[in-house]
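I opened the notebook to record what I looked up in this structure, entry by entry.

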Amino acid sequence: MKVSFKKRLFAYLIDFVLLTTIVTIINCVLPTTTKQVEINKELDSLQQNLLDGEIDNKQYFDGYKKLLPELDKSNMAINVCNLVFILGYFIIIPVVNNGQTLGKKILKIKIEKIDGNLTIRDMVIRNFITTSLLQLMISSTLVYIVNNDIYYNLSIFVSLLQILLVIITSFMIIYRKDEKGVQDLITGTQVIEV
């Protein structure tokens, strides 16, 4: 039986809140580096200078472009932690738990491969579309290999692409008769009632 967008959304929200809570607790335990404190102070100062009219928008964005890669590098431990939990929770758990995360289990729905068994590959592709997995992987790699301007522009592009994919797949689930999103069509999966 097909599963409504609302039910899928609530299952995702349960999963999101659970995962965010766990990652936030772990991030609170991770020590804050001097570099992170310095960069955050610089960002605060930059924003205050803009608000006070001491700099214009162009100067603000130039400063932000310079600081963003440094901030992302200093937050790499947090990014790796997020990546590990996304991989574990949204990819491994559904593969070994009959297509269910905790949110899906609570709402009595699951992901099912139409022909065959659900694989890690299926779940990776699904999560490139529905979570920040793609954005996190690309940003964590690019921050070390491109200059600040290119990194800033690519970060914005990948973030917008991620948002666009989520919007497109949401509309597909809402308006398609078979209630399948992009991730369902690409991987040959469907979300069904248990």
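**Entry 1: a helix pair**

I started with helix 1 (residues 5-29) and helix 4 (residues 76-96), which pack at an angle of about 145° with their axes 10 Å apart. The model I am reading is a predicted one. I then looked up the handedness, and found that helix 1 passes helix 4 in a right-handed crossing. On the side of helix 1 the contact is made by Tyr12, Asp15, Leu18, Leu19, Ile22, Val23, Ile26 and Asn27, and helix 4 answers with Ile78, Cys81, Asn82, Phe85, Ile86, Tyr89 and Phe90. Sorting the residues of this contact by character, I noted 12 nonpolar, 2 polar and 1 charged.

**Entry 2: the nonpolar cores**

Which residues of the largest nonpolar core touch the most other members? I noted Leu19, Ile86, Phe90, Ile109, Ile111, Met123 and Val191, out of 15 residues in that core. Helix 1, helix 4, strand 1 (109-113) and helix 7 (133-142) are the elements that give two or more residues to this core, and the largest share, 4 residues, comes from helix 4. Two of the residues I had listed for the helix pair, Ile86 and Phe90 of helix 4, are thus again among the core members with the most contacts.

I followed Ile109 further and, leaving aside residues up to four places away in sequence, found that Ile109 touches Val3, Lys7, Arg8, Ala11, Gln100, Lys104, Val191, Ile192, Glu193 and Val194. A second, separate core has 7 residues, including Ile39, Leu43, Leu46 and Ile55.

**Entry 3: helix 7 and helix 6**

Which residues of helix 7 are buried? I recorded Leu133, Leu136, Ser139, Ser140 and Leu142 as buried in this helix, and what covers them includes helix 4, helix 6 (120-130) and helix 8 (148-175).

From helix 6 I picked out Val124, which counts as partly exposed at 23% relative accessibility. Not counting residues up to four places away in sequence, Val124 touches Ile91 and Leu133, the latter being one of the buried residues of helix 7. I also looked up Val124 against Lys180, and the two are 56 residues apart in sequence and 17 Å apart in space, C-alpha to C-alpha.

**Entry 4: Asp56**

I next went to the loop between helix 2 (34-51) and helix 3 (57-74), where Asp56 is found. Is Asp56 buried or exposed? Neither label applies, because its relative accessible area is 42%, and I entered Asp56 as partly exposed. The side chain of Asp56 reaches the backbone nitrogen of Gln59 at 2.8 Å. As for a more remote partner, Asp56 and Asn148 are 92 residues apart in sequence and 20 Å apart in space, C-alpha to C-alpha.

**Entry 5: Thr187**

Thr187 has its place in helix 9 (residues 182-187). I entered Thr187 as buried because its relative accessible area is 4%, against a cut-off of under 20%. A polar contact of 2.7 Å joins the side chain of Thr187 to that of Thr189. Apart from residues up to four places away in sequence, Thr187 touches Lys113, Asp122, Ile125 and Arg126.

**Entry 6: positive phi values**

I looked up two residues other than glycine with a positive phi. Asn98 has a phi near 55° and sits in the loop between helix 4 and helix 5 (102-106). Lys108 has a phi near 60° and is found in the loop between helix 5 and strand 1. I also noted that Lys108 is exposed, with a relative accessible area of 54%.

**Entry 7: the whole chain**

Last, I turned to the overall figures, and counted the secondary structure as 9 helices and 2 strands. From the N terminus on, I read the elements as α-α-α-α-α-β-α-α-α-α-β. Taken along the principal axes, the C-alpha atoms fill a box of roughly 60 × 35 × 30 Å. Of the 194 residues in the protein, buried residues make up 37%. Among contacts between residues at least 6 apart in sequence, I noted that 72% join residues at least 24 apart.

Conventions
Residues numbered from 1 in each chain as written. Predicted model: local features only at pLDDT ≥ 70, side-chain atom pairs only at ≥ 80, totals over all residues. Heavy atoms only, no water. Axes fitted to C-alpha atoms, helices over the stretch in contact; angles between N-to-C directions. Left-handed = near helix turned anticlockwise from the far one by under 90°. Contact = heavy atoms within 4.5 Å. Nonpolar A, V, L, I, M, F, W, Y, C, P; charged D, E, K, R; others polar. Core = buried A, V, L, I, M, F, W, Y, C linked by side-chain atoms within 4.5 Å. Buried < 20%, exposed > 50% of the residue type's maximum accessible area, 1.4 Å probe, protein only. Polar contact = N/O pair within 3.5 Å; in protein donor to acceptor, adjacent residues only side chain to side chain.
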